[in-house]
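This briefing is meant for someone meeting the structure for the first time. It begins with a sheet, moves on to helix packing, and ends with single residues that deserve a look.

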Amino acid sequence: MTTPAPVGCAGLPGTIRCDRTAAWQALRGHLEAHGRDFDLREAFARDATRAAALSFEAPEVFADLSKNLVDTATLRFLVELARECGLEAQRDAMFAGAPINATEGRAVLHTALRAPRGAAPFDQFADDVHRVLDAMLGYAEQVRDTDRSAIRHVVNIGIGGSDLGPQMVVGALDAYVAPGLTMHFVSNVDGHDLTRVLKRLNTRETLFIVASKTFTTQETMANAEAAKAWFLAQGGSDIARHFVATTTNVEAAARFGITTTFGFWDWVGGRYSLWSAIGLPIAIAIGAAGFRALLAGAHAMDRHFAEAPLERNLPVLLGLVDLWYRNFHGFASRSVAPYHQGLARLPAYLQQLEMESNGKRVDLAGQTLPYATSPVVWGEPGTNGQHAYFQMLHQGSDVIPVEFIAVRRPSHGLADSHRKLLANCLAQSQALMLGKRTEEARAERAPTAAQDFDPDALARHRCFPGNRPSTTFVLDTLTPTSLGALVALYEHRVFTSGALWGINSFDQWGVELGKALANQLLPRLASGDTQGLDGSTAQLLARLRR
Ligand code: F6P
């Protein structure tokens, strides 16, 4: 028997896919009337209140949206779109534990992981969640006491959501990491990844965390087996003490020989799992109090998302602007530029969060979508990106909205460096917006070596179109609390655009085909059998075996 097609785009009565709303048509009209020629420089000149009117406060995060190609009318239409699509009902269904991940028949309850005891509506999960959390944090504190535990190296073996979140957070909160502890992350099935780490370790001082929701992922299992073999070959004997698992598949961890396991539940998606036992490396690195602060920051953002009116709801507004850019302006990517070295892995983390969640082309009812969904999300920390690809952001043929993340107070004492960092951050968003007119470029002195170059042509090389959009987030300091809030902000923003697009942001069927084919090719790499393969794959396989 087949399951009946869901009602509304999210399976909830009263929800409508974005393109079937009146607001979508109104936004089309708005774009034609005001949007296509929208000029940021003119908008600021026209309206002295623009910066304040388009800036928003959410817990721990200030967001200046005023350098975006929107005005207050655009936001009004977008909020209307959210209302018509039933965003609030969809959001409430997620918080209430409805099985909104319909293609996997699961609830989506990562928000329950960061809710304090007694927070409605999570009572039914609170006992389990807090039991595991308390046990996990107690264990983390023991490991962290390096004099007693003798552990100096912690190796997290996991991939995707079982790697990116913990790795990103541990890197971001480096200032909080216990001295004497070195955290390592091994994800790639490429043996170079594990080998690079193992050569720095000894068995006595090492703890391996095998992190896998399913405990079946090829890469993680291969690395875990290889780590176990290394451990035994080096004379290590106490697997139970030196290997721990974080997984929903406790039985498989036991079969591997692991006796200390921290579990979680199928309603925690892999890319939303850093708040669960998957966060064990974070808890070891920054301690129980730090981990609780991370959860508290995320919970504060959950409350904001759940309660703030849509007009001032930051994740909602960001998701709406994302949709505006993708579907009305046709911008295909967004660049993230954290001006904090600690956030170096944030773009990689966001790639999974956003592109695995919203990289879909059918709605929940299986209908092919007539519009684009997830943009490509990419980036590097500033100022490094400036010396690599910012050329393209300023003068390339595509408009790519940029997201700047500035942190007011650093955790180091190099005040002059920090001022330079912030000046660069502000300058880049300013340059993207203001540009430089050809006449201004023509008035500049040409480089001596280019004196013979046609001055008009040179001015065209040296001018900047400007009017390129950006958002700037400001955090006061990068702490467990502010990072928790920032990450939850991104999660809910992705939820918002996914909900309006009518897709299931919580499955990831798109990763399955490649996994299955890799399993079929694996024995062929050993045997050399290319029968039945397409010509290209057969040729490449033969060459790789030579
Ligand atoms: O391949 C995609 C994926 O399923 C991600 O969604 C997930 O985060 C990752 O693999 C790792 O999965 P697991 O935690 O089960 O090893």
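Six strands form an open sheet with mixed pairing, in the order S1-S2-S11-S10-S8-S9. Its edge strands, which each pair on one side only, are strand S1 (55–58) and strand S9 (376–379). The model is a predicted one, in which local features need pLDDT of at least 70 and side-chain atom pairs count only at pLDDT 80 or more, while totals for chains, interfaces and linings use all residues. Residues are numbered from 1 along each chain as its sequence is written, and side-chain values use heavy atoms, with hydrogens and water left out.

**The sheet and its strands**

- Strands (E, at least two residues) and helices (H or I, at least four) are DSSP runs numbered from the N terminus, and two strands pair if DSSP finds at least two bridges between them.
- Neighbouring strands of this sheet are turned by 20° against each other on average, direction ignored; axes here are lines fitted to C-alpha atoms, for helices over the stretch in contact, and angles run from 0 to 180 degrees between N-to-C directions.
- At one edge, S1 and S2 pair in the antiparallel sense over four bridges, and serine 55 stands opposite aspartate 64 in S2.
- The hairpin of S1 and S2 has two residues between the strands, and in this hairpin glutamate 60 takes a positive phi near 70°.
- At the other edge, strand S8 (residues 333–339) and S9 pair in the parallel sense, again over four bridges, with tryptophan 378 in S9 as the bridge partner of serine 335.

**Helices on the sheet**

- Helix H15 (residues 314–329) packs on the sheet, where it touches S1, strand S2 (61–64), S8 and strand S11 (470–477), and its direction makes about 135° with that of S1; contact means heavy atoms within 4.5 Å.
- Helix H18 (residues 415–434) also packs on the sheet, touching S8, strand S10 (402–409) and S11, and its direction makes about 150° with that of S10.

**A helix pair**

- Helix H7 (residues 123–144) and helix H14 (residues 280–307) pack with their axes 8 Å apart, at an angle of about 130°.
- That angle makes H7 oblique to H14, because angles under 35 degrees count as roughly parallel, over 145 as roughly antiparallel, 65 to 115 as roughly perpendicular and the rest as oblique.
- Residues making the contact include Leu133, Met136 and Leu137 of H7 and Ala283, Phe291 and Leu295 of H14.

**Single residues in loops**

- Glutamate 205 lies in the loop between helix H10 (191–198) and strand S5 (206–211), and with a relative accessible area of 19% glutamate 205 is buried, since buried means under 20% relative accessible area, exposed over 50% and partly exposed in between (1.4 Å probe, protein chains only).
- Leaving aside neighbours within four places in sequence, glutamate 205 is in contact with Ala150, Ile151, Arg152 and His153.
- Most residues other than glycine have a negative phi, and most peptide bonds are trans.
- Phenylalanine 215, in the loop between S5 and helix H11 (218–233), has a positive phi near 55° and counts as buried at 5% relative accessibility.
- Asparagine 467, in the loop between helix H20 (455–462) and S11, has a positive phi near 60° and counts as buried at 17% relative accessibility.
- A cis peptide bond, with omega about 10°, joins glycine 382 and threonine 383, and threonine 383 lies in the loop between S9 and helix H17 (390–395).
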